[in-house]
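Please load the model in a viewer and keep the sequence panel open. The tour proceeds by selection, one stop at a time.

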Amino acid sequence: MPLLSLNDLHVALGGRTVLEGIDLRLDRGEIVTLVGPNGSGKSTLLRAIIGAVQPTRGQLVRQPGLTIGYVPQRLAIDATLPMTVTRFLNLPRRHPKQAVRQALEQAGVPGLSRQQVTDLSGGQFQRILLARALLEQPDLLLLDEATQGLDHRGTADFYRQIESVRRELGCAVLMVSHELHVVMRASDRVVCLNRHVCCQGTPERVISSPAYRELFGADTADTLAFYRHHHDHSHHDAPANPPAPSAAGASHLEATP
Ligand SMILES: Nc1ncnc2c1ncn2[C@@H]1O[C@H](COP(=O)(O)OP(=O)(O)OP(=O)(O)O)[C@@H](O)[C@H]1O
């Protein structure tokens with residue numbers, strides 16, 4: 001049984017259909033990225049999965065006992081409120097000390113427990129939100145543009161952390177991202193959304209599909225291909241984050257550096 005399956009899912013907000021006929025299945029251990037233009041329904045889809053919005057038609061079937069960790073697009077914290085990271089992670093309910101320590105380690109920020117939340121950098125705060133989601137021991141981790149506002153390095157580091165979380169916990173990850181060039185390396189599958197699912201498959205298949213090119217432009221697809229070249233040779237300056245091997249059977253888009 002899949003962790004989650006959406007069958008012909010429709011969602012209407014304010015009397016307008018924003019998601020239409022969504023069929024999607026998520027299995028344990030896979031990293032799936034949702035891409036799509038602004039307003040295409042990506043956040044709404046995540047919110048439907050956590051139960052914050054109700055489908056108007058279709059089915060959303062969760063594996064019994066499924067636990068979901070959710071990292072929202074943004075979270076406003078009252079800057080005048082003194083609060084340590086540990087205290088923040090224990091809201092709204094307390095967790096054992098060991099669990100908090102472990103979540104911070106898994107999020108890649110083991111040393112931040114006593115830091116004031118308001119003193120954290122943007123990248124550190126996103127890691128704390130990730131730790132908060134990991135406290136739930138999720139089978140499925142949902143990330144809604146979790147790297148918004150981070151620089152290129154911070155973004156790449158964050159996605160590397162997500163891959164390590166997936167390895168350690170064996171959870172599935174569904175993430176919304178606009179940073180396609182970075183996400184390409186970390187995703188097993190890309191789902192392109194524009195109210196309905198336009199196309200889905202391995203990153204290579206999606207960027208070369210006509211539906212994707214129509215939405216984002218052929219230029220974007222060609223630029224992205226550059227980021228996923230395959231190394232059968234060595235460089236003098238090895239990249240800090242070498243591209244992951246491509247999935248078997250994927251169409252091969254290659255650019256020479
Ligand atoms: N509470 C609401 N009431 C009415 N319409 C809404 C509501 N929330 C979202 N919408 C509309 O639903 C559509 C999808 O919004 P959503 O936030 O899911 O898109 P998105 O793909 O995540 O966008 P972005 O990339 O800009 O974050 C948009 O047209 C938005 O205006």
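Begin by selecting Asn194 and His196: Asn194 stands opposite His196, which belongs to strand β9. The model in view is a predicted one.

Extend the selection to residues 189-194, which make up strand β8. Strands β8 and β9 pair in the antiparallel sense, over 5 bridges.

Next, display the whole sheet to which this pair belongs. The sheet is open and has 6 strands, in the order β5-β6-β7-β3-β8-β9, with mixed pairing. At its edges lie β5 (68-71) and β9 (196-201), each of which pairs on one side only. On average, neighbouring strands of this sheet are turned by 15 degrees against each other, direction ignored.

Now select residues 122-134, helix α4, which packs on the sheet. Helix α4 touches β5 and β6 (140-144), and its direction makes about 165 degrees with that of β5.

Move to Ser121, in the loop between α3 (97-106) and α4. Is Ser121 buried or exposed? Ser121 is exposed, because its count of other C-beta atoms within 10 Å is 10, and a residue with 12 or fewer is classed as exposed.

From Ser121, turn to Gly41, which is 80 residues apart from it along the chain. The C-alpha atoms of Ser121 and Gly41 are separated by 29 Å.

Gly41 leads to the final stop, the ligand. Select the residues around the ligand: Leu13, Gly14, Val18, Gly36, Asn38, Gly39, Ser40, Gly41, Lys42, Ser43 and Thr44. This shell divides into 2 nonpolar, 8 polar and 1 charged. Helix α1 (residues 42-49) gives the most to the shell, with 3 residues.

Note on methods:
Residues numbered from 1 in each chain as written. Predicted model: local features only at pLDDT ≥ 70, side-chain atom pairs only at ≥ 80, totals over all residues. Pairing = 2+ DSSP bridges. Helix = DSSP H or I, 4+ residues; strand = E, 2+ residues; numbered from the N terminus. Axes fitted to C-alpha atoms, helices over the stretch in contact; angles between N-to-C directions. Contact = placed C-beta atoms within 7 Å. Near = placed C-beta within 6 Å. Nonpolar A, V, L, I, M, F, W, Y, C, P; charged D, E, K, R; others polar. Buried ≥ 20, exposed ≤ 12 C-beta atoms within 10 Å, placed from the backbone.
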